[in-house]
Amino acid sequence: MNKKRILTALLLSSVLAVSLSLTACKTPRLEPGGVYAPTNSVGQVIYNDIGLALADASWKLAYETVLGVMEFERENRQALWDISPDIKRSLDSIRPIVVDIRLRWNQARQIYEANPTPAGLTTLQTIMSEIERLVPVVQAQLTPAKAQLGINPNP
Amino acid sequence: MPPFIVALLPYISLASRAPAALADLARFWSGVRDEIMKWFAGGLITLEHQRALMDWAKADQAAALRGDVPVALTVEADPVTTPAPPV
C-alpha cells in the first residue's frame with residue numbers, strides 16, 4: 001500500500017512538473033495590440049518589436065539594480081563611510097560611467113525608434129551589456145559593509 | 001416560537017451573511033483563476049506590462065536626453081568625519 005502511494009505521488013508530481021514546464025516556461029512573446037505590437041483597425045499586427053521590448057525590460061532591470069545600490073549608499077552614506085571610506089570612493093568612480101552609459105543607451109534607443117534596424121538593435125544590446133557587467137561590480141562594493149554587519153556576501 | 005424556527009435560526013443567520021461570504025469566495029477564486037492564467041500564459045508580455053515598460057522607457061529617455069541625472073548618480077562631497085574628543 002505504501003509503495004502504491006509513493007508511486008502515485010511520484011506520478012502526479014511528474015505530471016505536474018511536465019505540464020508546468022510546457023505551459024509556464026515559454027519563450028517571451030508580445031500580446032497583440034500592445035505598444036510594442038500595435039494592431040490596425042481590423043486587428044492585424046502592424047509590427048512586432050519583441051527585440052525592443054526585451055531590450056527595454058533587460059535595461060530597466062540592470063539600470064534599476066545599479067541605481068538601487070547607488071541610492072542605498074547615498075541614503076546610508078555616513079554609516080557606510082564609518083565602515084569603509086572606500087565604498088563611497090569606489091562607487092563615485094562608477095557613477096560617471098553609469099551616467100555615460102545611460103545617455104548613450106537613450107540616444108541609441110531614440111535612433112532605433114525612429115528607424116528600427118537589426119544594426120540599431122545590436123547597438124542597444126551592446127550598450128546594455130556594459131551596464132549588465134556593472135551590476136555585480138557595484139554590488140561587490142557593499143561587501144565590506146555586509147561583512148561588518150555579519151551578513152555573508154556569498155551565501 | 002415554533003421549535004422548527006428555533007432550529008432553523010443558525011441557518012437563517014448564516015444565510016444573511018451568505019452574500020458577503022459568497023462575494024469573498026468569488027474574489028478568492030477569481031484571484032486563483034488569475035494566477036493559474038498567468039502560469040498558462042507563460043512568457044506572454046501583456047498589454048499592461050507593455051504599456052508600463054514603454055512609459056518607463058520614454059520617461060527615462062526624455063530625462064536622459066534633457067541632461068537630468070538622478071541625484072544618486074552625482075558625485076557628492078565626502079562626509080565630514082568629526083574626530084573623537086581627546087580623552
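Which element gives the largest share of the lining of the largest cavity? Keep that in mind while you load the model, which is predicted.

**Stop 1: the cavity**

Searching the whole structure turns up 1 cavity of 30 Å³ or more. The volume of the largest cavity is about 30 Å³. To display its lining, select A:Y36, A:A53, A:A57, B:I45, B:H49, B:Q50 and B:L53. Two elements each give two or more residues to this lining: α2 of chain A and α2 of chain B. The largest share is 3 residues, and α2(B) supplies it.

**Stop 2: B:Q50**

Stay with the lining and pick B:Q50. Its place is in helix α2 of chain B, residues 47-66. Is B:Q50 buried or exposed? B:Q50 has a relative accessible area of 0%, so it is buried.

Now follow the side chain. It reaches the backbone oxygen of A:E31 at 3.0 Å. Next, show the surroundings of B:Q50. Leaving out residues up to four places away in sequence, B:Q50 touches A:L30, A:E31, A:G34, A:V35, A:Y36, A:A37 and B:I45. Two of these names, A:Y36 and B:I45, also appear in the cavity lining.

**Stop 3: A:K60**

Select A:K60 in helix α2 of chain A. A:K60 has a relative accessible area of 25% and is therefore partly exposed, as the range for that class runs from 20% to 50%. What lies under A:K60? A:K60 sits over the face of B:W56, at 5.6 Å from the ring centre. Beyond its neighbours within four places in sequence, A:K60 is in contact with B:L53 and B:W56. B:L53 is also one of the residues that line the largest cavity.

Then add A:M128 and draw a C-alpha to C-alpha distance. A:K60 and A:M128 are 9.7 Å apart in space, with their positions 68 residues apart in sequence.

**Stop 4: the ring cluster**

Keep B:W56 on screen and add A:W59, A:Y63 and A:W105: ring pairs link these four into a cluster. Over all chains, the count of aromatic pairs comes to 3. Why is the pair of A:W59 and A:Y63 stacked? Their ring centres are 5.6 Å apart and their planes meet at 10°, so the pair falls under the 30 degrees that stacking requires.

Look along the helix here. A:W59 and A:Y63 are 4 residues apart in helix α2 of chain A (residues 50-75), so about one helical turn separates them. Both A:W59 and A:Y63 are buried.

Turn to the other partner of A:W59. A:W59 and A:W105 form a stacked aromatic pair, with 4.6 Å centre to centre and 5° between the planes. This pair links distant parts of the chain: A:W59 is in helix α2 of chain A, A:W105 is in helix α4 of chain A (residues 85-114), and they are 46 residues apart. A:W59 counts as buried because its relative accessibility is 1%. A:W105 is buried too, with a relative accessible area of 1%.

**Stop 5: A:N106**

For the last selection, take A:N106, which lies in helix α4 of chain A. A:N106 has 0% relative accessibility, so it counts as buried. Which residues does A:N106 touch? Not counting residues up to four places away in sequence, A:N106 touches B:A57, B:D60, B:Q61, B:A64 and B:L65. Show these side chains together with A:N106 to finish the tour.

Definitions and conventions:
Residues numbered from 1 in each chain as written. Chains lettered and ligands numbered in written order. Predicted model: local features only at pLDDT ≥ 70, side-chain atom pairs only at ≥ 80, totals over all residues. Heavy atoms only, no water. Phe/Tyr/Trp six-rings, centres within 6.5 Å; stacked < 30°, edge-to-face > 60°. Buried < 20%, exposed > 50% of the residue type's maximum accessible area, 1.4 Å probe, protein only. Lys NZ or Arg CZ within 6 Å of the ring centre and 35° of its normal. Contact = heavy atoms within 4.5 Å. Polar contact = N/O pair within 3.5 Å; in protein donor to acceptor, adjacent residues only side chain to side chain. 1 Å grid on protein atoms, 1.4 Å probe; cavity = no way out; pocket = protein on both sides within 12 Å on 5 of 7 lines; lining within 4 Å. Points joined across faces, edges and corners; volume = space filled by probe spheres on them.
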